[in-house]
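Trainee: Could you take me through one part of this model up close? I'd like to hear about the aromatic rings and what sits around them.

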Amino acid sequence: MYGEHRRPEMAGPRRPRSRFLEMPCMDIAKLTKFSIFPPDDKKQKIRIQVLFMSVGFYALCAVPIGLSVDLGLLPQHVMLVWAGWTAVGNSLIYIAMRLNINKRSGDPSLTMLQVALAIGLTFYVQIYAGPLRGAYLMATMLAFAFGCFKLTTRELLRMALLASAAYAATIPLIKTLEGAHFNPAAELVLWVTFSVLLPSLAVLTGTFSDLRKKLTAANQALRELNRFDGLTGVKNRAYFNERYEVEWRHAQRTRDSLGMLMIDIDHFKRINDTYGHVAGDACLTRVAAIIGDTARRSTDDAFRYGGEEFAVLLTATDTIGAAHIAEIIRFRIETAEMNFNGQKIAITVSIGVAALVPEAGNVTDLLIANADSALYQSKESGRNRVSVFHRSGDE
């Protein structure tokens, strides 16, 4: 069940024979399976959800437009053109998001495009709206407020000025369509009101958007800060639990091996009793620095698991590769010079190694249990060593 990892000659660090598993063959079924939301991209999923919210807004706008057509206040073709371009425009935006084309844009949410589409369609309807034009201009402002999710105050002001100019450009067409019924004084009041209120709304929504972005950044910084152990500087146990769940599910999907090291400082209580707790804290910090410096791939991570115990997650790493990294850590800690107030402190660690490809029937904490069992074997075998967990029958 356990195998003690033999220490290599440390004249120079030995390369792991196989740290990474080969990528599995691509499943053709995954290529043909379609879902409304991307399964592995939370940001894209949120963007599509916001798009669907805007589609709901169009559905609500269809009610007054349909009622206006039914009462003879709007030509029927206006409803058909509006509905057709609404469907085409939003479908193209959805396809762009689903195919990740939007990620090439500086605005991956395509907020400005969505707002421009909504305002353009509303302007088309209001050209034919006659006395109802004021109501549809209010809908334009609601569409404009949608931009507060992403756009800056400057971008919103720019769009407000363009919308005002676009409205002014439609007035001659409105005059042609309405003929003798056209009231230039009323149209002037509508245009001035629209041109004053829309920039004001731009400033208001832009300020809200800027505050929301600052709050989001502050919350993100706080979350990042809460991920770290205050003493050692490596990630803490709470973040280990979160990251472990993510890497376990990812390894299940990709059929990659997930490796883990459980590391315990030998006789740490004796260090505290002999040299004091301040010296013990210094030892914890030094050990954490060595572990973090050794597991240095961007996808690897070191954590303070609790007390004098540390954990390391090694993505796409098999047992041989994980054991090699463990031995390097053990050797570097054993040979590190630790001096505190002129006293040299000898530090060694015991390490348990485990790696597996998560199966559907496995309990989630199986890898943790295996690494912990291997760590126990290292302690029972005399400490300052690396032990590797093997399933029964693998030996």
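Mentor: Here is a walk through the aromatic pairs, followed by a serine and a surface patch.

Keep in mind that this is a predicted model. A search of the whole structure turns up 13 aromatic pairs, and I'll pick out two of them. A pair of aromatic rings is described by the distance of the centres and the angle of the planes. Take Tyr 58 and Trp 82: their ring centres are 6.2 Å apart with 55° between the planes, so the pair falls in the tilted class, as planes under 30 degrees apart count as stacked and over 60 as edge-to-face. Tyr 58 belongs to helix α2 and Trp 82 to helix α3, so this pair ties together parts that are 24 residues apart in sequence. Both Tyr 58 and Trp 82 are buried.

Now jump along the chain to Phe 240 and Phe 303. This pair is edge-to-face, with 5.2 Å from centre to centre and 80° between the planes. Here a helix meets a strand: Phe 240 lies in helix α8 (residues 237–254) and Phe 303 in strand β3 (residues 301–306), so the pair links parts 63 residues apart in sequence. Phe 240 counts as buried because its relative accessibility is 1%, and Phe 303 counts as buried because its value is 0%. Those two rings have company, too: Tyr 239, Phe 240, Tyr 244, Trp 248, Phe 303 and Tyr 305 make up one aromatic cluster.

Back to helix α2, which spans residues 42–70 and also holds Ser 68. Ser 68 is buried because its relative accessible area is 7%, under the 20% cut-off. A polar atom of the Ser 68 side chain sits 2.8 Å from the backbone oxygen of Pro 64. Leaving aside residues up to four places away in sequence, Ser 68 touches Leu 73, Leu 74, Leu 132 and Tyr 136.

Helix α3 has something to show at the surface as well. The helix covers residues 76–98, and Ile 95 is part of it. Ile 95 counts as partly exposed because its relative accessibility is 42%, which lies between the 20% and 50% cut-offs. Ile 95 also helps make a nonpolar surface patch of about 660 Å², together with Val 81, Trp 85, Val 88, Leu 92, Leu 99 and Ile 101. So when you look at helix α3, compare two of its residues: Trp 82 is buried, whereas Ile 95 is partly exposed.

Terms used. Residues are numbered from 1 along each chain as its sequence is written. This is a predicted model: local features need pLDDT of at least 70, side-chain atom pairs count only at pLDDT 80 or more; totals for chains, interfaces and linings use all residues. Side-chain values use heavy atoms; hydrogens and water are left out. Patches are made of residues with over 30% relative accessible area and no salt bridge: like charges are joined within 9 Å, nonpolar side chains (Val, Leu, Ile, Met, Phe, Trp, Tyr) within 5 Å. Accessible areas come from the Shrake-Rupley method with a 1.4 Å probe; for residues, only the protein chains shown count as cover. A salt bridge is a side-chain nitrogen of Lys or Arg within 4 Å of a carboxyl oxygen of Asp or Glu. Helices (H or I, at least four residues) and strands (E, at least two) are DSSP runs, numbered from the N terminus. Buried means under 20% relative accessible area, exposed over 50%, partly exposed in between (1.4 Å probe, protein chains only). A polar contact is a pair of N or O atoms within 3.5 Å; within protein, one must be able to donate a hydrogen and the other to accept it, and residues adjacent in sequence count only if both atoms are side-chain atoms. Contact means heavy atoms within 4.5 Å. Rings of Phe, Tyr and Trp (its six-membered ring) pair if their centres lie within 6.5 Å; planes under 30 degrees apart count as stacked, over 60 as edge-to-face and the rest as tilted.
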